[in-house]
Amino acid sequence: MGEIFIRLAYGIMIVGAILCFAFSKNHQRDLRRAANEFALAFVKLSNFVCPKPPREGLRVRALPGGGVEALPLAEQPEGIRRLAERANAPEAVELFAQADAAAALVSRRSSFNRTQRAQFQEPVDRLLLLAQTFLRGCENLGTVNTEQRRADFDSFLFEQPQHRMVLIKRITGDLADEYRSLNKRYAAEMERIEAEEQEARRRRPGAAGAPKTGGGAGR
């Protein structure tokens, strides 16, 4: 009788492990699908507002105490003035609303897992904040009143390849072709970043093919 109970207990454990694995896999898939929605909205917003990065970033003047003040729109470079107009268009507002809703879904689906919060929620929230700072700045330049906000404003314009590389690691494989088509302008830079990351991983101590430190030939 005792052997039967032991076998039953093992069977329950195995079934439980299988169910946990299936749940985890489905949850990860749903989380990446939420990341899909954010990635599409984020890159479409960038492509609409800034199809080509301007030659110059936001002009500001330094204030006593370390703050900054954005110059009036009339004193901004022509490229910034054009971007501000597009950023206030209904299409931009709608795309940001989509990104905001998708970010909220990512947050809900990753809220119970610390690793998933670090891998998905935190980078998505960071990119949402960049987009929000940029759009608010275009609506009212007075909101760009710290060095961090000024850096975020310019980051949304000039660091899109890095931001899109963050997102490409979090989307599902079946979105790859559509995502790639939205990144044509930045393809070369994104490929360069990917190559640098691969080289850094290869050189990391303990990685396969990484050069060994200490005890080398000729020592």
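Glu 199 and Arg 202 lie three residues apart in helix H8 (residues 187-203), so about one helical turn separates them. In this predicted model, the two residues form a salt bridge in which the closest N and O atoms are 2.8 Å apart. Both partners are partly exposed: Glu 199 has a relative accessibility of 30%, and Arg 202 has a relative accessible area of 35%.

A network was found in another part of the chain, where salt bridges that share partners join Glu 147, Arg 150 and Asp 154. Within this network, the side chains of Arg 150 and Glu 147 meet in a salt bridge with an N to O distance of 3.9 Å. This value falls inside the cut-off, since a salt bridge requires a side-chain nitrogen of Lys or Arg within 4 Å of a carboxyl oxygen of Asp or Glu. Arg 150 and Glu 147 are three residues apart in helix H5, and are therefore separated by about one helical turn. Arg 150 is partly exposed at a relative accessible area of 24%. Glu 147 is also partly exposed, and its relative accessible area is 42%.

Helix H5 spans residues 147-158 and also contains Asp 152. Asp 152 counts as buried because its relative accessibility is 3%, and the limit for a buried residue is under 20% relative accessible area. When neighbours within four places in sequence are left aside, the residues in contact with Asp 152 are Arg 126, Leu 130 and Thr 133.

A further salt bridge is formed between the side chains of Glu 56 and Arg 59, with an N to O distance of 2.7 Å. Glu 56 is partly exposed, with 34% relative accessible area. Arg 59 likewise counts as partly exposed, at 33% relative accessibility. Side chains of opposite charge can pair when their charged atoms come close. Over the whole structure, the search returned 13 salt bridges, including the pairs Glu 56 and Arg 59, Arg 150 and Glu 147, and Glu 199 and Arg 202.

Technical notes. Residues numbered from 1 in each chain as written. Predicted model: local features only at pLDDT ≥ 70, side-chain atom pairs only at ≥ 80, totals over all residues. Heavy atoms only, no water. Helix = DSSP H or I, 4+ residues; strand = E, 2+ residues; numbered from the N terminus. Buried < 20%, exposed > 50% of the residue type's maximum accessible area, 1.4 Å probe, protein only. Contact = heavy atoms within 4.5 Å.
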